[in-house]
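Trainee: I would like a close look at the salt bridges in this model. Please take me through the pairs, and then through the confidence scores.

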Amino acid sequence: KLYPALLYTWWLDEKNFTSLTRPWYTKALPFPFNFYYPRKYRNQANSLMEALFESLGSQENIETKVYSDAEKCLTSLSIRLDSSEFMFGAHPTSIDATLFAYLAPLLKAPFKSTSLQNHLKECNNLQKFVIRILQRYFPKDCQEYETQKRDEAKFNVGSNDSEFPNKRRNQFFATLFAIIAMLSYAVSAGIVQNPHIDAKSSVDNEPMLFE
């Protein structure tokens, strides 16, 4: 339920694609791949949406559907997490790693279109879940990110010409940090544990929120 909305947010939302996704790939990849891959990934995302929601017809209907499903998914996850630190108690599992991989970029990336991001921020326990993992397992990176963000905010005063490069640098740094943190957490064997038997039983009885 959440994955199609994330694809739409990054690749098919026009404002996000032109102001964040495409510029980031242009900076991160060498020529000519920085022009090839953004178009390729956007076409793939569009093809997936058409296959999943062929009956809906227009792009507006697809957008409404994917965001509605994603918001319901986030609400269900928030209810499931409740006041716990992690999905199955005080210790993280592979379920938490997967959830963090979905939520961290959505929370941290500087999107122009923020409807799904705003809904995530309204789920206070999910927002705290992401921040808790960042602060607990990536304290140095998290501190450096916040320090640079504050420092650049002090200098982002003046004309549009002086603001533009700092703004672009903020976007690049915020997105890069979110992706690095996401991938690092997902593959970190030291903090990902096997769920307990009771937890596994609970998963079997839970609806598939990520489908």
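Mentor: What follows goes pair by pair, then turns to confidence.

This is a predicted model. The count of salt bridges comes to three.

Start with arginine 42 and glutamate 14. They form a salt bridge, and their closest N and O atoms are 2.7 Å apart. This pair links distant parts of the chain. Arginine 42 sits in helix 3, residues 33-52. Glutamate 14 belongs to helix 2, residues 14-28. The two are 28 residues apart. As for exposure, glutamate 14 has 46% relative accessibility. Buried ends at 20% and exposed begins over 50%, so glutamate 14 counts as partly exposed.

Next, lysine 65 and aspartate 69. Their side chains meet in a salt bridge at 3.4 Å, N to O. Both residues lie in helix 4, residues 59-81. They are four residues apart there, so about one helical turn separates them. Now look at each partner's accessibility. Lysine 65 has a relative accessible area of 35% and is partly exposed. Aspartate 69 is at 11% relative accessibility. That value is under 20%, so aspartate 69 counts as buried.

The remaining pair is glutamate 85 with arginine 136. Here the closest N and O atoms of the salt bridge are 3.0 Å apart. Glutamate 85 is in the loop between helix 4 and helix 5 (94-108), while arginine 136 is in helix 7, residues 124-137. The pair therefore ties together parts that are 51 residues apart in sequence. Glutamate 85 is partly exposed, with a relative accessible area of 32%. Arginine 136 is partly exposed too, at 39%.

Now the confidence. The average pLDDT of the protein is 79, and 71% of the residues score at least 70. Element by element, the highest mean pLDDT is 96, for helix 6, residues 115-122. The lowest is 43, for helix 10, residues 197-205.

Two stretches deserve a separate word. Over residues 159-165, pLDDT stays under 50. The model has one contact beyond four places in sequence for residues 159-165. Over residues 191-211, pLDDT is also below 50. Beyond near neighbours in sequence, residues 191-211 have 29 contacts in the model. How should such contacts be read? Where pLDDT is low, predicted coordinates should not be read in detail.

Notes
Residues are numbered from 1 along each chain as its sequence is written. This is a predicted model: local features need pLDDT of at least 70, side-chain atom pairs count only at pLDDT 80 or more; totals for chains, interfaces and linings use all residues. Side-chain values use heavy atoms; hydrogens and water are left out. A salt bridge is a side-chain nitrogen of Lys or Arg within 4 Å of a carboxyl oxygen of Asp or Glu. Buried means under 20% relative accessible area, exposed over 50%, partly exposed in between (1.4 Å probe, protein chains only). pLDDT is the predictor's confidence in each residue, from 0 to 100. Contact means heavy atoms within 4.5 Å.
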